[in-house]
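Subject: A structure for you to explore

Hi there,

Here is the structure I promised to pass on to you. Have a look around it first, and then read on for what turned up.

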Amino acid sequence: MTPREAFLTVHAGIPRQGPGTPEDVLWALERLGISGEVSVCDAGCGPGADCLTLATALPEARIEGVEALPHLAEEARARLSHLPHVRIRQKDMEALSGPYDLIWCAGALYFLGVTEGLRRWCDALAPGGAVAFSEPVLLPGEVPQIVRDFWAEYPAITDLDGIVARIEAAGYAVVDHRLIVGAGWEAYYTPMKAHIAALRAQDPGPDLIAALDAAAHEIAQWEAAPDHIAYALMLVRPA
Ligand SMILES: C[S@@+](CC[C@H](N)C(=O)[O-])C[C@H]1O[C@@H](n2cnc3c(N)ncnc32)[C@H](O)[C@@H]1O
C-alpha cells in the first residue's frame, strides 16, 4: 500500500469527510430562501452526507452531487440510490455547468481557492442563485499555538475578514455566515475514531500505520482545542 492509498483508506467508509451537521444545511436553505423545484449542486460531495440532507429537505428539487474521487462518488451513489431526484457524478467541480439555484460546497472550495472557485461558478448560477461554502477560519483574539499547529498544512487560512475579502474579490457579496465549531467536528471525527480503531485491529502495514497515526494526531489536536478550531459557513451571491 502506498502512502496515498493509506491516506484514502483512512478517509473511506465514514459518513462525512469534513465538519458539518444537517442543521448547517437547513440553516443555509432557510436563510437563502431555497425551496420547491430548485436545482442544487453539492460540489465536492464526498460520501454524500449533505446531499442526503439536501435531498430530504428539498423533495421537489434536482440534486446533483459532484465528486472527483471514484470511491467517494461510489459511496455517495450507494447511499442515495433510493432517491430518484439525486444524481451523483464523478467529475471535476471546477467545470460546473448548471444553472443551479444553489451550489453547496462543504470543506472543498479551498481546493480551487475561494476567489478562483467563486469566479468560475458565477456562470453556473441561475439568476438569483447563491453559493454556500465552508472554509477554515481563525477566530478573533490571540490564536493558540495548538490551533496554528492544527492548520499547519493550510497556510492560506485567514480570519473572517480575510474570507470576506476573498469573496468580494470574486465579485460576490456575503448574505450571512455562521461558525462551525464543536458539533460539526464531532460529527466528522467520532466515526473516524471508530474507523481508525477498526483498521488498527486488522494488523495494518507500515504505510497504513503512519496514516492512522496522522489521523489520530489530527483528532487529538482538535480534542485539545475544540472551541478554537472552526470553519466559517459563508452564504454568498454575485454582487
Ligand atoms: C474535505 S472533503 C469534504 C467532502 C464532503 N463535502 C463532506 O463534507 O463530507 C473535500 C472533498 O472535495 C473533493 N474534491 C476536491 N477537489 C475536487 C474537484 N476539483 N472536483 C470534485 N471534487 C473535489 C475531495 O475528493 C473530497 O471528497
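One term before we start: a residue counts as buried when its relative accessible area is under 20%, and as exposed when that value is over 50%. Please also keep in mind that this is a predicted model.

Let's begin with helix α2, which covers residues 22-32. Its buried residues are Asp24, Val25, Trp27, Ala28, Leu29 and Leu32. A useful piece of background is that an α-helix has 3.6 residues a turn, so residues three or four places apart point the same way. You can try that idea on the buried residues Asp24, Ala28 and Leu32. What covers the buried residues of α2? The cover includes the helix α3 (49-57), together with β4 (100-105), β5 (125-138), β7 (172-180) and β8 (230-238). Just after α2 comes glycine 33, with a positive phi near 65°.

Next, the nonpolar cores. The largest one has 53 residues, and the members that touch the most others are Leu54, Leu58, Leu102, Trp151 and Trp185. Leucine 102 is a good one to click on: leaving aside residues up to four places away in sequence, its contacts include Leu29, Leu32, Ile34, Leu54 and Val131. Two of the α2 residues listed as buried above, Leu29 and Leu32, are thus back again as contacts of leucine 102. There is also a second, separate core of 28 residues, with Cys105, Val114, Ile167 and Ala232 among them.

Now to the ligand. Which residues come nearest to it? Of the 18 residues around the ligand, they are Gln17, Gly44, Glu67, Asp92 and Met93. The shell is made up of nine nonpolar, five polar and four charged residues. Nitrogen atoms of the ligand also lie close to the protein backbone: one is 2.8 Å from a polar backbone atom of glycine 44, while the distance to a backbone N or O atom is 3.0 Å for alanine 106 and 3.2 Å for alanine 68. On its own the ligand has 600 Å² of accessible area, and the protein covers 89% of that.

Alanine 106 leads us to serine 134, which touches it along with Cys105, Gly107, Ile180, Tyr231, Ala232 and Leu233, again not counting residues up to four places away in sequence. Serine 134 sits in strand β5. Is serine 134 buried or exposed? Its relative accessible area is 2%, so it is buried. A polar atom of its side chain is 2.8 Å from the backbone nitrogen of glycine 107.

Finally, a few spots in the backbone and on the outside. Most residues other than glycine have a negative phi, and most peptide bonds are trans. Aspartate 203 is not a glycine, yet it has a positive phi of about 55°. You will find aspartate 203 in the loop between α8 (183-200) and α9 (206-224), and it counts as exposed because its relative accessibility is 70%. The peptide bond from glycine 98 to proline 99 is cis, with omega near 0°; proline 99 belongs to the loop between β3 (86-90) and β4. Arginine 148, in helix α6 (residues 145-150), is partly exposed at 44% relative accessibility.

Enjoy exploring, and send me your questions!

Best wishes

How values were computed. Residues numbered from 1 in each chain as written. Predicted model: local features only at pLDDT ≥ 70, side-chain atom pairs only at ≥ 80, totals over all residues. Heavy atoms only, no water. Near = heavy atom within 4 Å. Polar contact = N/O pair within 3.5 Å; in protein donor to acceptor, adjacent residues only side chain to side chain. Areas by Shrake-Rupley, 256 points an atom, 1.4 Å probe, with all protein chains shown as cover. Nonpolar A, V, L, I, M, F, W, Y, C, P; charged D, E, K, R; others polar. Core = buried A, V, L, I, M, F, W, Y, C linked by side-chain atoms within 4.5 Å. Buried < 20%, exposed > 50% of the residue type's maximum accessible area, 1.4 Å probe, protein only. Contact = heavy atoms within 4.5 Å. Helix = DSSP H or I, 4+ residues; strand = E, 2+ residues; numbered from the N terminus.
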